[in-house]
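Thank you all for coming. I would like to walk through one structure with you today, beginning with how its helices pack and then turning to a single helix and two of its residues.

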Amino acid sequence: MFERFTKGARAVVTGAVAVAEREGAPAVTEEHLLALLDAEDTRAALALRALGATERRASLEAALAAARRRGGLSTVEVDALADLGIDVARIVARVEETHGPGALTAGSDGRPRGSKRRPFTRESKKVLEQSLRVCLGRREKEIGDEHLLLALTARPGVVSEALADHGVTYTAVERALDRPRA
């Protein structure tokens, strides 16, 4: 499948690996694929700029950090738990009081020493697979970074929720991509 990736899409994937390595993450997650925000002069970069996501990057990153602090729970999941009488914020506070700030976030790199490859999580692999389906659905031959962006917005979870809260939905991205370039 990677032979169908454009230079821009490959840059996003290698950028995601680099971010995961810099953070000491044990694997490349969907969130790491937001290396899309670092792209310049690609279709995804133009769409993100048109939707104002690049200007709101700090807010987007803060929303993702808050989700990490909650152990990766989306606000939908937090609300569902609240309906059951479970106060996630209180639980997070108690855990951090006992175990320190960020105790529910992913730990350090648990890969065996000497391992050179950082694996992709099941969810991040599904984003890559979804990008192929998006590409085929749009009747395009190569998987570009725009297909990765559309795949991220199409999959349920914390990343798509944070993107949607910042105006980056599947429909909005499609409209931005289909606009004629100035």
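**Helix packing around H7**

Let me start with the pair formed by helix H2, residues 43-50, and helix H7, residues 145-154, which in this predicted model pack at an angle of about 50 degrees, with their axes 6 Å apart. H2 and H7 are therefore oblique to each other. On the H2 side the residues that take part are Arg43, Ala44, Ala45, Ala47 and Leu48, and these meet Asp145, Glu146 and Leu149 of H7. Sorted by class, the contact of H2 with H7 has five nonpolar residues, three charged residues and no polar ones.

H7 also packs with helix H9, and here the angle is about 160 degrees, with the axes 8 Å apart. Since angles over 145 degrees count as roughly antiparallel, that is how H7 and H9 are described relative to each other. The H7 residues Glu146, Leu149, Leu150, Thr153 and Ala154 meet Tyr170, Val173, Glu174 and Leu177 of H9, and by class this contact divides into six nonpolar, one polar and two charged residues. If you compare the two lists, Glu146 and Leu149 appear in the contact with H2 and again in the contact with H9.

For the wider setting, the protein chain has nine helices and zero strands. Of its 182 residues, 40% count as buried. Among the contacts in the chain with a separation of 6 or more, 65% come from residues 24 or more positions apart.

**Helix H6 and its two sides**

Now to helix H6, residues 122-137, where we can check the length: at 1.5 Å a residue, its 16 residues should span 22 Å, and its end C-alpha atoms are 22 Å apart, which agrees.

Which residues of H6 are buried? They are Ser124, Val127, Leu128, Gln130, Ser131, Val134 and Cys135. These residues cover an arc of only 160 degrees around the axis, which puts them on the same side of H6. As a general point, an α-helix has 3.6 residues a turn, so residues three or four places apart point the same way. The cover over the buried residues of H6 includes helix H1, residues 7-23, together with H7 and helix H9, residues 170-178. On the face turned away from this buried side, H6 carries the exposed residues Arg122 and Gly137. Just after H6 comes Arg139, which takes a positive phi of about 60 degrees.

**Two residues of H6**

I will finish with two residues of this helix, beginning with Gln130, which lies in H6. Is Gln130 buried or exposed? Its relative accessibility is 19%, and because the cut-off for buried is under 20%, Gln130 counts as buried. If we leave aside its neighbours within four places in sequence, Gln130 is in contact with Ala151, Ala154 and Arg155. Of these, Ala154 is also one of the H7 residues that meet H9.

Glu129 is likewise found in helix H6, but with a relative accessible area of 37% Glu129 is partly exposed. Glu129 and Ala151 are 22 residues apart in sequence, while in space they are 8.4 Å apart, C-alpha to C-alpha. I am happy to go back to any of these helices in the discussion.

Methods:
Residues numbered from 1 in each chain as written. Predicted model: local features only at pLDDT ≥ 70, side-chain atom pairs only at ≥ 80, totals over all residues. Heavy atoms only, no water. Axes fitted to C-alpha atoms, helices over the stretch in contact; angles between N-to-C directions. Helix = DSSP H or I, 4+ residues; strand = E, 2+ residues; numbered from the N terminus. Parallel < 35°, antiparallel > 145°, perpendicular 65-115°, else oblique. Contact = heavy atoms within 4.5 Å. Nonpolar A, V, L, I, M, F, W, Y, C, P; charged D, E, K, R; others polar. Expected span 1.5 Å × (residues − 1). Buried < 20%, exposed > 50% of the residue type's maximum accessible area, 1.4 Å probe, protein only. Arc of directions from axis to C-beta.
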